[in-house]
Every structure is written in structure tokens, then in C-alpha cells.
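Visitor: Please take a close look at one single part with me, and then set it beside other parts that deserve the same care.

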Amino acid sequence: MSRNPGNSHLEIIDAALLGAKIVKDASEVAPVLAPLKSTIGIVITILETIRGVKTNKEDWVTLGERLSIQIKDMQDKLSRCPTPHSTSLLLAVNSYEQKLRNVLTRVHLASDRGLAEAVLRQRADKEEVVELNRNVEIYWEEFIGDISIQTHEVVHRVEREVNQIEKDFHITQHGVNRVEKDVHRIKHGVHRVEMSMDAMGDESHISKLTPVPDATGEDHDCCLNGTRAAVLGPIRQWANDPTTPQVRWLTDVAGAGKSTIAKHLSTEWKEQGRLAGCFFFDKNRPDATNKTGFCDTIAAQLANNQPQLRSLITQGIKEIGPILSVCPFEEKLQKLVIRPMGSVSLVLVIDALDECNGRDRIIILRNLLSSLSQVPQLRVLITSRPERDIVQLLDTYRSRTESLHDVELKSNRDDIAAFVKYKMTGLVQSYELTNEEVDRLARRVNCLFILASTACRVVEDSPDPHVAVEELLNPNQDLLRDINTLYSTILTKACKADQGRQSSTSKTRELLRVLKAILAASTPLTVSMIDSLLGIKNTRRLVGFLSSILNVRSDEVVLILHPTFREFLEDPEVAGLFYIDMTDAHTLMAKGCLETMKRELCFNICQLESSFTFNKDVPDLDGRISKYISKELQYGCISWLDHIVNSRDTSRDTEVDVSLLRITKDGYLLFWIEVVSALGKIPKAIKGLQDVGRCHL
């Protein structure tokens, strides 16, 4: 629930009181609103009482706002109902009123405490008001559920009337037949209405899930046709055999092609209707490196891939209720994923588990493994590097029949050769390379797909592919002995390219600044966002020199092609001159965010007609955000706290501290709150401020 950051607690409550009194006045003159008179009176008394509460005012104000919104919604619903009101509607209003009387009693108790008692009971009062907020939300959901019963009453009444018509029209066979047709048509219509209502209800609940964007492997390719048969075949057999272990762990070194296999199989199983869901952990995306969005992402896919399970997922969402976003992982997994699947034969794919942070991946594994007995038909394919903590839990499920990079296996050599020839087809056809050169390149990449794909991109991007191949195959340089050597060579050449514009040292410094931004970013950045945050204009040219290890998508987002490049840059022993200290990188990004906020923040940035309008009541809010809040300002407002937390006090330069002081002292914080409220990121902002307070201030 967002509010104008400039309002005091009393102003917010007074605004809510004014709204409630307006509704009460309307109920005095409009018969359709008559049932609300008593209920509104209770709400007004609660709001007036809240004005006198001495502690935890923020939480009490939230309660007041919630009640005010519910009364307005109730006014809207009753105004659309025909009069006289049905008995069930009046009973629903009366039940809601009785529950509010209990709330009023507890509010009176909190308000009547003296200041000293209120301070001493602050913690207990906070827990109580949080509980009251939760109860009020539950009361409202129960009220909505009660009034929906009216619709079903109408349906049943129609069915009874239809049955009576059937009995009354037995005059002639023709009349009977005609009535039967009408009855069938009406019943069919009723059934369609009921199904439509159920589907709409499921959809509204499933929309509450917050899946992680791009966590389903969109950036990964499937295997080339005809390749990896020796790996894919046994996994397919395992998935189809009900007597095999429920989990299969595909593990190998970095760059061996595990994610490509996971993408290929998940696509195949989805086409067959067997996929429950998939989650591709990815260090490029911080929200895909922890357990937070795992259950929501799988549940959303499960609802989409297996429509027959949507009602069960909806049931789980209802049971969790208003705490969906903060529900414990164990409960979410059970109610949104495990229980809906039941005894259905499905496959779940989890890729790159090693890219999930250590604590969270163990929580995911332990809960998943302990739940397998509840879903006997489920098969779970997991891929990862052989990290020690993962080995301890999954060693018994290790897939021991496939080796993805063993040069002694002819199937691996053949697969690499097929891949390299496929990538180089265009250059061979244009006579820029010979088949013999392509064969030599395929033999030198040691059956490691990341080495092969990176080498192919180096050749493709070179102005002279023949020269590029000869450099890669030069035995004196031995550039293909491992991926780190190739990364270092690519970066060195990029720093020496286009030297007429600037020195190699200056070029290296600029290149590293761009790479720091890409590595430290809390969400992937576009080319223009990097330019703006770093105050430069040549990001596109710099990343162009690194097209063999960076990917610029069609939407201009810049991504690292493989996690091994990130690991190379963060390892001082192998990166050398190109080593990136992540605390320095976060300091650089903190400075960029703060400077962007100083430059672009202003009062009423979305140009709303009134500051008293709730975000949900602004019909074109998304359009205003897109028009008035730049992508880099959105990023800066959401991420500056994360970067401050992940930097070191000793690494922050004077400019960062000066910018931070100005942001906090010159009124920018109110403008910042306005932006994060519009973006729906208030909870994240609060957590960020708490983290900064613990770590730095």
C-alpha cells in the first residue's frame, strides 16, 4: 500500500476519515447504501481512535488506510446491487460489521494506554497491529467470498425454475422436446458461466505470483541436431522409467554444455506436455541467484504448462493468504509446487544450481529431496558443477554414464567437430576459411564447448578469419590451452584496438569501468544506461570489441555470455591486469546511481493531478513512469542502497560520500520515495535502508 511521502500520520488518518464520512453521508440519502450506516460508523470510530495511539503509528495508519479502502470498495459493490438487498448480502455485511467491532475493542485498548505503558508495550503492540492488519484483510476476503455466494444462489434458482418448466410442459411431445432443448441450452450456459467464474478466480490468484524474469532459460540454445546423443539418450530413458531414482544430477566442469542440455530437454518435455517447470540459476541476474523467486517461478510455469492443476495452485495461494510474498520457502514449496503435482508424471529441471548462493541452494535441495515421497511420479533433473556442498547431498544421484568433455570419447569429439563446422559454415562457403582449418580448430578446443563457442565467435568477429584461426592455432602462443588464456587474449586485443583514439592504458581503464558496471549491476543494464550511469558515451564501441564474450541483446541489454568470464575477472591470480575488485565495482555503481538521482529527481515526477491519489487509482501510471522516469533513474532509485552495502567505507571516494550526504540532507529522499512508491518498490527500499544502517552508518 503506497502513500504520498509528504503526508504526516495524522494527515493520512484525517484523509481516511474524510473519505469514510463522505460514504456515511451517502448512505444516509441513498437506500442502496443503507446497510452500510452502522458499519461505516464503526470504521469512523476506529479511525478516530487510531489518531490517539502513541506508538507504532506507521502500522496503525496502515490499518486505517486498509479499512478506508475496504469501505470505499464496499460502497462501490453495494451501489451496483439491485434493491431490496438479498438476505445473504445483508448477513455478509452484518458479519463483517461484527468482526470490525472486535477490531474496535482492541484499538480502544491500545489507545487508552498511557505514554509509559505504550512505550513499554511497543513491541507487543507492533505484533498486535500486524495481526490486526492481517485479520482485517482476512475479514475482507471472507466478505467478498460471502457475497459471491449470491451469484451461485441465482444459478441454483435458475436451475430450479428450469426444472419446474420441464415438469409443466408435458402437453405434447413437441413441447417436451422444445423445452428439453431450452433446458439443455440454459444448463450449458450456466455451466459455461460457472467455468468462466472459476477460471477468472484462478487467474486472479495466480497473477499474485512473482516469478523471476528470464529464469526459464530464454538466453540458452538447444543442442545442435544430431549432437549430444550419448548424453541425451540415457536421460530420456531415465525420465521415462518409473523404476529409476527420482533425481538425476548431471555434473561436469564449467563450460561443458550442461545448460544447453538442460534447455534442450526442458523444451522437449514441454512440447510433450511433461514439463512441470524449469529454473535456470544465473549470476548475470541477482534475482536468479537465490531461493526467493524459485517457488513462484515454478508454480507459474506449472499453472501454464499443466492447466488441470491451476485450481490446486490457486488453493495453495488462498491458504497462504496475504503473506504470499514473505511466506517461508518450505510452506511455499509444499502448497504451490509439491501438493498440486500429486501423482502426475512430470519432470522438473533445475539448471546451474551452483550459481545459486550456498545457503539457499542447500535449502532448496533439502526441502525438495525430503518431499519426493509425496510425488512418486516426479522426475527432477539437476545440473551443476561438482561443488562440495552439492556433492554431499546429490552424490548418490550423480549421472555416471555421461562425460561431457572427455576427449577420449569419440562421441564428444564428433559433437565438438559438428558444432565448430556448423558455426563456421558461412565462412567456409564464402571461401574465407578452408575445411582443413575448421577441422584443425575443432581438434584443438579439447571437447570443451565454452572454449569452442568462444573461439568460433573470435573467428566470426575478426576482419580476417584466416589470420584469427592461425593465431588461435599458433603452438607458440597456445591460446586454446584453457578458457582463461583465451579471455585474457581477447581483452588484451580489445585494449590495443583503435589506438588512434586513446592510449592502451586509458582504453584498459575505460573498458574495466564498463565491465565493473556489468558485473556489479543488480539487474542487467542496457548500453545507454551504462553510458548514463558512468557518465560516458562510448559503451557501445567498447562492448563491440568484446562481442565474443559479451552479448548485446536486441533490447540493448548487455550480458556476459558465460559465468566463466565473470569468474576470470574476479580472480586476481588469473585475470592479472584485468582483475576487478567487486567492492570497487559497487562503489563505482553507487556513485553513478547517486549522481543520476541528483540530476533527475524532482517533486511530482510523474506529474499527477493530485498527491492524494493512490497509485492503484492512477489509470495510466505505467505510461507516466515510462515517460517521466528514465530507465537509469529507475535503476538508480532501486539499486543505490545495494551498491552502498556491497562497497567498503575505505573504497568509497569523496565524491560518493558528498553525493550521499546531499541526497540525505537536501530533500532528495522525499523525491526518491515518490519514485520507489510509483515503481512498487517500497518494501525493497525499506530493507535497503535497514541494510545500510547495519553495515555502514
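Guide: A residue is called buried under 20% relative accessible area, exposed over 50%, and partly exposed in between, with a 1.4 Å probe and protein chains only. By that scale Leu577 is exposed, because its relative accessibility is 62%. This is a predicted model, in which local features need pLDDT of at least 70 and side-chain atom pairs pLDDT 80 or more, while totals for chains, interfaces and linings use all residues. Residues are numbered from 1 along each chain as its sequence is written, and side-chain values use heavy atoms, with hydrogens and water left out.

Leu577 sits in the loop that runs between helix H25 (572-575) and helix H26 (582-600), where helices (H or I, at least four residues) and strands (E, at least two) are DSSP runs numbered from the N terminus. If residues up to four places away in sequence are set aside, Leu577 touches Thr508 and Leu512, a contact being heavy atoms within 4.5 Å. Thr508 is 69 residues from Leu577 in sequence, yet their C-alpha atoms are 8.8 Å apart in space.

Two other loop residues can be read by the same scale. Arg228, in the loop between helix H7 (173-206) and helix H8 (229-240), is buried at a relative accessible area of 3%, and its phi is positive, near 60°, in a residue other than glycine. Glu556, also not a glycine, has a positive phi of about 75°; this residue belongs to the loop between strand S5 (550-552) and strand S6 (558-560) and is partly exposed, with a relative accessible area of 27%.

The sheet completes the picture: four strands form an open, parallel sheet in the order S1-S4-S3-S2, two strands counting as paired if DSSP finds at least two bridges between them. Strand S1 (247-251) and strand S2 (275-280) are the edges, and each has a single partner strand, so one side of each is left without a neighbour in the sheet. From one strand to the next the twist averages 10°, with axes fitted as lines to C-alpha atoms, for helices over the stretch in contact, and angles from 0 to 180 degrees between N-to-C directions. Strand S3 (residues 347-351) runs parallel to strand S4 (residues 379-384) and is joined to that strand by four bridges; here Ile350 stands opposite Ile382 in S4. Helix H9 (residues 258-271) packs on this sheet, where the helix touches S1, S2, S3 and S4, and its direction makes about 155° with that of S2.
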